[in-house]
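Please work through the exercises below with the sequence and the 3D structure at hand, attempting each task before reading its solution.

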Amino acid sequence: MSKTFSKWYDFFMSPLEKGTFKTIRKNLIQRAEGSVLEIGSGTGINFPYYKSVTKVTAIEPSQFMIEKSIKRKAISSVQIEVQKGSAEMLPYPDNSFDTVVVTLALCTIPDPKLALKEMARVCKPGGKILLFEHVKMSSPFLGTLQDWLTPFWKKICDGCCLNRDTVQLVIANDMKIIRKTSFFNGLFVELEIRK
Ligand SMILES: C[S@@+](CC[C@H](N)C(=O)[O-])C[C@H]1O[C@@H](n2cnc3c(N)ncnc32)[C@H](O)[C@@H]1O
């Protein structure tokens with residue numbers, strides 16, 4: 001993740017974050033329990049929403065993003081440890097976490113299939129994977145528009161794939177979706193997956 005993108009990320013996201021995203025994140029994160037792993041934690045936008053968990057371990061590959069997250073980490077009411085690393089090779093043993101959280105990061109992670117496999121591996125049996133992502137839309141017209149925009153979008157948004165079919169990747173990975181909510185005409189989706 002480039003320094004410029006990290007610097008401006010919160011600013012460009014702020015119209016959405018002040019509105020619908022705030023409610024979505026709050027509702028999602030309040031379902032996290034026990035020991036939590038957050039993947040691609042970025043500027044730490046989710047950190048203030050963790051309330052009754054024992055600890056959050058956050059993994060993020062970009063040093064610029066890690067630095068931007070320091071302020072939010074400092075004001076969090078729960079213990080948060082941010083580690084540098086990638087979703088495709090999580091440095092944790094099998095069945096380590098009660099909850100795994102990923103928001104708006106599977107679209108950017110270079111190998112989302114492997115990342116999902118790793119998330120399932122480190123999640124304890126019976127644990128939850130909470131996900132909020134933008135996804136490929138089911139409308140043929142809007143889905144094609146996403147395909148068409150993706151090469152340009154990837155360039156301006158630091159590798160983000162606008163047309164990534166994350167729900168399909170989750171299903172193909174044999175993950176059990178127990179709750180699914182769509183927003184903005186199916187552009188965004190919130191999933192709760194049970195291991
Ligand atoms: C669009 S930002 C989202 C940040 C934050 N999760 C949010 O909800 O706003 C995507 C994040 O995914 C991170 N990322 C990119 N590749 C990754 C990887 N291989 N493993 C984990 N995170 C990655 C980026 O560095 C960036 O912080």
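Exercises on the sheet, its strands, the helices and some loop residues follow, each with a worked solution.

The model is predicted, so local features are taken only at pLDDT of at least 70 and side-chain atom pairs only at pLDDT 80 or more, while totals for chains, interfaces and linings use all residues. Residues are numbered from 1 along each chain as its sequence is written, and side-chain values use heavy atoms, with hydrogens and water left out.

**Exercise 1. The sheet**

Task: Determine the order of the strands in the open sheet, and find which strands stand at the edges.

Solution. Begin with the elements themselves: helices (H or I, at least four residues) and strands (E, at least two) are DSSP runs, numbered from the N terminus. Two strands are taken to pair if DSSP finds at least two bridges between them. On this basis 7 strands form an open sheet with mixed pairing, in the order β3-β2-β1-β4-β5-β7-β6. β3 (80-84) and β6 (176-183) each have a single partner strand and therefore stand at the edges, with one side of each left without a neighbour in the sheet. From one strand to the next, the twist averages 15 degrees.

Next, consider the pairing of β6 with strand β7 (residues 188-194), which is antiparallel and extends over 7 bridges; within it, Ile177 stands opposite Ile193 of β7.

**Exercise 2. Strands β1 and β4**

Task: Establish how many residues of β1 are buried, and which strands are joined to β1 and to β4 by bridges.

Solution. Take burial as the first step, where buried means under 20% relative accessible area, exposed over 50% and partly exposed in between (1.4 Å probe, protein chains only). In strand β1, 5 of the 5 residues are buried, so this strand is largely enclosed by the rest of the structure. In a regular strand the side chains alternate between the two faces of the sheet. Both faces of β1 are covered, with Ser35, Leu37 and Ile39 buried on one side and Val36 and Glu38 buried on the other. Strand β4 (residues 97-103) is mostly covered, since 6 of its 7 residues are buried.

The second step is the pairing. Strand β1 (residues 35-39) runs parallel to strand β2 (residues 55-60), to which 5 bridges join it, and Ser35 has Lys55 of β2 as its bridge partner. Strand β1 also runs parallel to β4, with 4 bridges between them; here Glu38 stands opposite Val101, while Ile39 has Val102 as its bridge partner.

The third step continues to strand β5 (residues 123-134), which runs parallel to β4 and is joined to β4 by 6 bridges. Val102 stands opposite Leu131 of β5. Between these two strands the chain passes through helix α5 (residues 112-122), in a β-α-β crossover that is right-handed (with the strands pointing away from the viewer, the path from the first strand over the helix to the second runs clockwise).

**Exercise 3. Helices α1 and α2**

Task: Describe how α1 packs against α2, and name the residues that make the contact.

Solution. Two packed helices are described by the angle between their axes and the distance between the axes. The axes are lines fitted to C-alpha atoms, for helices over the stretch in contact, and angles run from 0 to 180 degrees between N-to-C directions. For helix α1 (residues 3-18) and helix α2 (residues 20-29), the angle is about 75 degrees and the axes are 4 Å apart. That makes α1 roughly perpendicular to α2 (angles under 35 degrees count as roughly parallel, over 145 as roughly antiparallel, 65 to 115 as roughly perpendicular and the rest as oblique).

Now list the contact, meaning heavy atoms within 4.5 Å: α1 contributes Met13, Leu16, Glu17 and Lys18, and α2 contributes Thr20, Phe21, Lys22 and Arg25.

**Exercise 4. Loop residues**

Task: Locate Gly34, Asn95 and Asp174, and decide whether each is buried, partly exposed or exposed.

Solution. Gly34 lies in the loop between α2 and β1 and is partly exposed, with a relative accessible area of 21%. Apart from neighbours within four places in sequence, Gly34 is in contact with Val53, Thr54, Lys55 and Asp98.

Asn95 belongs to the loop between β3 and β4, and its relative accessibility of 37% counts as partly exposed. Its phi is near 55 degrees, a positive value in a residue other than glycine.

Asp174 sits in the loop between α7 (166-172) and β6 and is exposed, with a relative accessible area of 74%. Although Asp174 is not a glycine, its phi is positive, at about 60 degrees.
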